[in-house]
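Here are a few notes to read alongside the structure. Have it open and follow the points in order.

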Amino acid sequence: MPGFPEVRPRRLRSSAAVRRLVAETTLEPRQLILPMFVREDAREPIPIRSMPGVVQHTRDTARKAVAEAAQLGLGGVMLFGVPAAKDEVGSGALDPSGILNVAIRDAVSEAGDALLVMSDLCLDEFTSHGHCGVLDSAGRVDNDATLKIYAEMGVAQATAGAHVVGPSGMMDGQVGAVRTALDAAGFIDTVILAYAVKYASAFFGPFREAVDSSLTGDRKTYQQDNANARDAIREVDLDIAEGADIVMVKPALAYLDIIRQVRDHVNVPVAAYNISGEYAMVEAAAANGWIDREAAILETLTSIRRAGADTILTYWATEAAQLVR
């Protein structure tokens, strides 16, 4: 019939310029946060076998990576410490001379206010048993005893200069405990990025290598069951009520539906963590020549933004910032 089809959506896909004009989702350096691992006593960067291109940094290389992140206009860096020694209670997390608190001071001195220095607030990197909290006499994670340590960690990290602390252990009441302690110590402007929705995921595997985890078994008694969605909204509501400034969903790719539900439910910024296993899958497929690596990186990160994340923690942050610029 004459004039058919009358509606031609392809007109808005006909060139790179028109596609750019009508793009509904943006991916910008300011929306990206680079997770970094800093290893105590490391003399040179140590490659992480299961995460090609990612390393355990020395203090010097970490400073350089922070400087590069600031120069590229990233939103921030999220620091994880890899200590030389661990104990049952993760005492290195509270030590002002412990690797994470030292790395925070290094990053702040390097970048100043050019980007946000964020710190992981959890015990798993520091405990000899690898759990995110201290254990009771029966070997179970003691929620309330752990909260007391988290409160001290928050103050220690803020004292070291962290702009943002990220309670990630999935202990009940962790945000309230940290917020109360920060405010009492005078750190009323320190932001809490709450790992509000954190699932017990198979995709965390490479991360355990990255932090030299001592964990045997799993964390299913405190991280969330991947069959549940309503539980995520409950956790988010509790964290916001306790003082969370930003809430995060972790992992990202297998939980894009959760990101969208959280984004539609809350009026605070929403972050998502594009985790180690998600990174490793793309890198492995690209190394085998099965996919276009750079296109897959941008498509992956755009999908997380499209799902509703305002901010993405990703090991590709530096590279992605260069690609989109």
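1. Let's start with a term: a disulfide is a pair of cysteine sulfur atoms within 2.5 Å. Keep in mind that this is a predicted model. With that cut-off, the structure holds 0 disulfides.

2. So what about C122 and C132? The cysteine sulfur closest to that of C122 belongs to C132, and at 3.5 Å it is too far away for a bond. Looking from the other side, C132 is in no disulfide either, and its nearest cysteine sulfur is that of C122, 3.5 Å away.

3. Are these two cysteines buried or exposed? C122 is buried, with a relative accessible area of 0%. C132 is buried too, and its relative accessible area is also 0%.

4. Now have a look at strand β1, which covers residues 32–39. Of its 8 residues, 7 are buried, so the rest of the structure largely encloses this strand.

5. Which strands pair with β1? One is β4 (residues 76–82), which runs parallel to β1 and is joined to it by 7 bridges. To find this pairing on screen, go to L34 in β1, whose bridge partner in β4 is V77.

6. Strand β10 (residues 311–314) also pairs with β1 in the parallel sense, over 2 bridges. Here you can pick out I33, with L313 as its bridge partner in β10.

7. Then there's β3 (residues 55–57), which pairs with β1 over 2 bridges, again in the parallel sense. The residue to click on is F37: its bridge partner in β3 is Q56.

Methods
Residues are numbered from 1 along each chain as its sequence is written. This is a predicted model: local features need pLDDT of at least 70, side-chain atom pairs count only at pLDDT 80 or more; totals for chains, interfaces and linings use all residues. Side-chain values use heavy atoms; hydrogens and water are left out. Buried means under 20% relative accessible area, exposed over 50%, partly exposed in between (1.4 Å probe, protein chains only). Helices (H or I, at least four residues) and strands (E, at least two) are DSSP runs, numbered from the N terminus. Two strands pair if DSSP finds at least two bridges between them.
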